[in-house]
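Here is a set of questions and answers on how the terms used for one protein model are earned. Please look at the sequence and the structure first.

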Amino acid sequence: MSWGTELWDQFDNLEKHTQWGIDVLEKYIKFVKERTEIEISYAKQLRNLSKKYQPKKNSKEEEEYKYTSCKAFLATLNEMNDYAGQHEVVSENMTSQITAELTRFVQELKQERKSHFHDGRKAQQNIETFWKQLEASKRRFERDCKEADRAQQYFEKMDADINVTKADVEKARQQAQTRHQMAEDSKGEYSSILQKFNHEQREHYHTHIPNIFQKIQEMEERRIVRIGECMKTYAEVDRQVIPIIGKCLDGITKAAESIDQKNDSQLVIEAFKSGFEPPGDIDFEDFTQPMKRTVSESSLSNSRWDGKSEPKPGSKSKGKLWPFIKKNKLSLKLGGGPEDFSNLPPEQRRKKLQQKVDELNKDIQKEMDQRDALTKMKDVYIKNPQMGDAASVDHKLAELGQNMEKLRLEAQKFEGWLAEVEGRLPVRTEQTRRQSGMYDTQNTSAVSNCAQDRESPDGSYTEEQSQESEMKVPVTEFDDEFDDEEPLPTIGTCKALYTFEGQNEGTISVTEGEMLYVIEEDKGDGWTRIRRNEDEEGYVPTSYVEVYLDKNAKDS
């Protein structure tokens with residue numbers, strides 16, 4: 001099967017076919033190029049998607065990634081980033097191994113095709129030239145034969161005419177001979193050119209054209225083989241990244257399998273546990289005997305009124321509210337909480353203090369590592385003075401020592417608070433379970449006490465329920481008899497260890513070293529009720545004061 005023998009007369013069709021083959025190659029190059037652009041665009045979109053859902057640093061969202069489900073999602077995002085990288089690899093490999101190589105091949109193919117068809121046209125022009133020469137000699141031979149035949153006929157006519165002179169007959173004879181000679185010469189030339197043309201024609205159709213067409217056939221077959229190889233490369237480029245993409249997908253599967261619902265539930269407990277215990281039962285209060293009315297010992301106020309009734313709404317004690325109210329929550333959000341986290345529920349306070357102690361210990365260890373490194377450097381300088389001045393590090397060592405001392409004192413302070421919290425957390429009495437009774441008015445009925453016992457999810461106490469119940473309790477005629485509240489008796493004294501700014505309603509400000517009266521002990525909530533004078537009393541964090549209880553109060 002050869003184009004040279006089978007298609008010897010299809011020069012123009014072969015020229016069109018080979019041009020079509022080059023167009024197919026260029027179309028395939030364009031296809032692969034667009035595929036690489038799609039891969040790049042897809043990879044970019046995947047990376048942007050992964051980046052969009054990554055947690056922002058130093059944000060609340062980053063804290064959520066302690067849960068296993070969020071960790072799995074973060075692992076999925078990272079794997080998708082690697083997945084996008086494999087699509088970039090596909091694009092790069094297709095560009096280098098297919099697009100670039102085929103583009104060079106097409107340029108070479110065009111040059112080779114141009115050369116082959118140039119040789120074919122040259123061969124055609126050559127055979128056409130011989131053909132024209134053959135036609136010219138043939139026509140000349142034909143013309144000379146006709147002229148010789150006419151001259152012979154004229155001679156015979158003159159020779160048969162008796163009236164023609166001998167000289168005219170001789171002239172006609174010579175003319176006929178000349179024409180015959182010219183015809184013979186034309187015949188010989190025609191024969192020679194014909195032989196030469198036949199030789200060139202055989203060479204053209206059996207040697208030159210077959211060789212040229214064979215080269216064109218080989219060129220076309222190389223094109224076909226090359227496009228097939230590129231298609232294999234196209235598939236192989238994709239196949240090469242399949243194992244890595246499989247690993248990415250395996251990573252996502254592994255991350256999904258690592259989700260532990262029990263662990264996440266435990267983390268929720270650790271995040272929001274307040275440390276308080278549920279309130280106990282509420283004692284029955286007999287309102288049929290207003291002069292002998294008692295207050296439940298389990299209430300937070302623990303009032304000692306000795307039979308005195310509560311004042312009516314609007315009395316001066318109305319503003320004494322439990323510290324864990326929404327205003328205090330707002331101060332926490334604004335970063336205005338005390339240093340010992342006494343505004344937090346016990347469990348959350350313990351966690352915060354533990355976290356602070358761990359941070360301080362890390363800082364101390366870092367300072368110690370720097371000190372050890374500088375000490376070694378100083379020893380090297382002492383042994384080898386040419387390397388540096390040993391005295392130059394003394395100032396830095398002294399500075400590190402001061403920093404370590406400050407950090408140790410700070411750590412001791414927080415460890416003391418932590419020990420205090422951990423020592424008090426296990427103790428649970430009936431009175432510490434009650435978190436109600438702070439409102440010293442007639443409106444704090446059994447219904448309002450129950451409302452005050454409810455804690456919000458973050459450990460703070462809500463006041464809306466108590467206010468709502470306050471509006472629903474009717475005012476009785478007995479309220480007019482008790483306009484003033486009898487002050488609580490003092491049960492001891494206390495000394496302020498630190499300055500406390502009582503910015504929340506129900507608290508009182510104290511300064512360091514100030515002596516005050518204790519009127520209600522810490523009930524396990526971290527707060528002690530104190531009095532400065534008859535008009536100033538409120539709550540302060542227990543860790544901020546040193547309490548000295550009277551002997552009688554201890555016995556009672």
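**Reading the terms**

Q: What makes Thr-76 count as partly exposed?
A: The relative accessibility of Thr-76 is 22%, and because buried means under 20% relative accessible area, exposed over 50% and partly exposed in between (1.4 Å probe, protein chains only), Thr-76 counts as partly exposed. Thr-76 has its place in helix α4, where helices (H or I, at least four residues) and strands (E, at least two) are DSSP runs, numbered from the N terminus. Thr-76 and Ala-255 lie 7.2 Å apart in space, C-alpha to C-alpha, although 179 residues separate them in sequence.

Q: What kind of model is this, and how are its residues numbered?
A: This is a predicted model, in which local features need pLDDT of at least 70 and side-chain atom pairs count only at pLDDT 80 or more, while totals for chains, interfaces and linings use all residues. Residues are numbered from 1 along each chain as its sequence is written, and side-chain values use heavy atoms, with hydrogens and water left out.

Q: Why are α2 and α5 called roughly parallel?
A: Helix α2 (residues 11–52) and α5 pack at an angle of about 15°, with their axes 11 Å apart; axes are lines fitted to C-alpha atoms, for helices over the stretch in contact, and angles run from 0 to 180 degrees between N-to-C directions. Angles under 35 degrees count as roughly parallel, over 145 as roughly antiparallel, 65 to 115 as roughly perpendicular and the rest as oblique, and α2 and α5 are therefore roughly parallel to each other. By class, their contact has 16 nonpolar, three polar and four charged residues, where Ala, Val, Leu, Ile, Met, Phe, Trp, Tyr, Cys and Pro count as nonpolar, Asp, Glu, Lys and Arg as charged, and the others, Gly among them, as polar.

Q: Why are α2 and α4 called roughly antiparallel?
A: The axes of α2 and α4 cross at roughly 165° and come within 8 Å, and with that angle α2 and α4 are therefore roughly antiparallel to each other. The residues of this contact divide into 23 nonpolar, 14 polar and ten charged.

Q: What makes the aromatic pair of Phe-141 and Tyr-190 stacked?
A: The search of the whole structure finds 13 aromatic pairs. In the pair of Phe-141 and Tyr-190, the distance is 5.8 Å centre to centre, with 10° between the planes. Rings of Phe, Tyr and Trp (its six-membered ring) pair if their centres lie within 6.5 Å, and planes under 30 degrees apart count as stacked, over 60 as edge-to-face and the rest as tilted, so the pair of Phe-141 and Tyr-190 is stacked. The pair links distant parts of the chain, with Phe-141 in helix α4 (residues 68–160) and Tyr-190 in helix α5 (residues 166–257), 49 residues apart. Both Phe-141 and Tyr-190 are buried.

Q: What makes the pair of Phe-500 and Trp-527 edge-to-face?
A: Phe-500 and Trp-527 are 6.2 Å apart centre to centre, with 70° between the planes, and the pair is edge-to-face. Phe-500 lies in the loop between β1 and β2 and Trp-527 in strand β3, so the pair ties together parts that are 27 residues apart in sequence. Phe-500 is buried, as is Trp-527, and both belong to one aromatic cluster with Phe-414, Trp-417, Tyr-498 and Tyr-544.

Q: How do you know that β1 and β2 pair?
A: Four bridges join strand β1 (residues 492–496) to strand β2 (residues 515–520), which run antiparallel, and because two strands pair if DSSP finds at least two bridges between them, β1 and β2 pair. Cys-494 has Leu-516 as its bridge partner in β2 and Val-547 as its bridge partner in β5.

Q: What makes β4 and β5 the edge strands?
A: In the open sheet of five strands, the order is β4-β3-β2-β1-β5, with antiparallel pairing, and β4 (537–541) and β5 (545–549) are the edge strands, since each pairs on one side only. β3 and β4 pair over five bridges, with Tyr-539 in β4 as the bridge partner of Arg-529.

Q: What makes β4 mostly covered?
A: Five of the five residues of β4 are buried. Glu-537, Tyr-539 and Pro-541 point one way from β4, and Gly-538 and Val-540 the other way.
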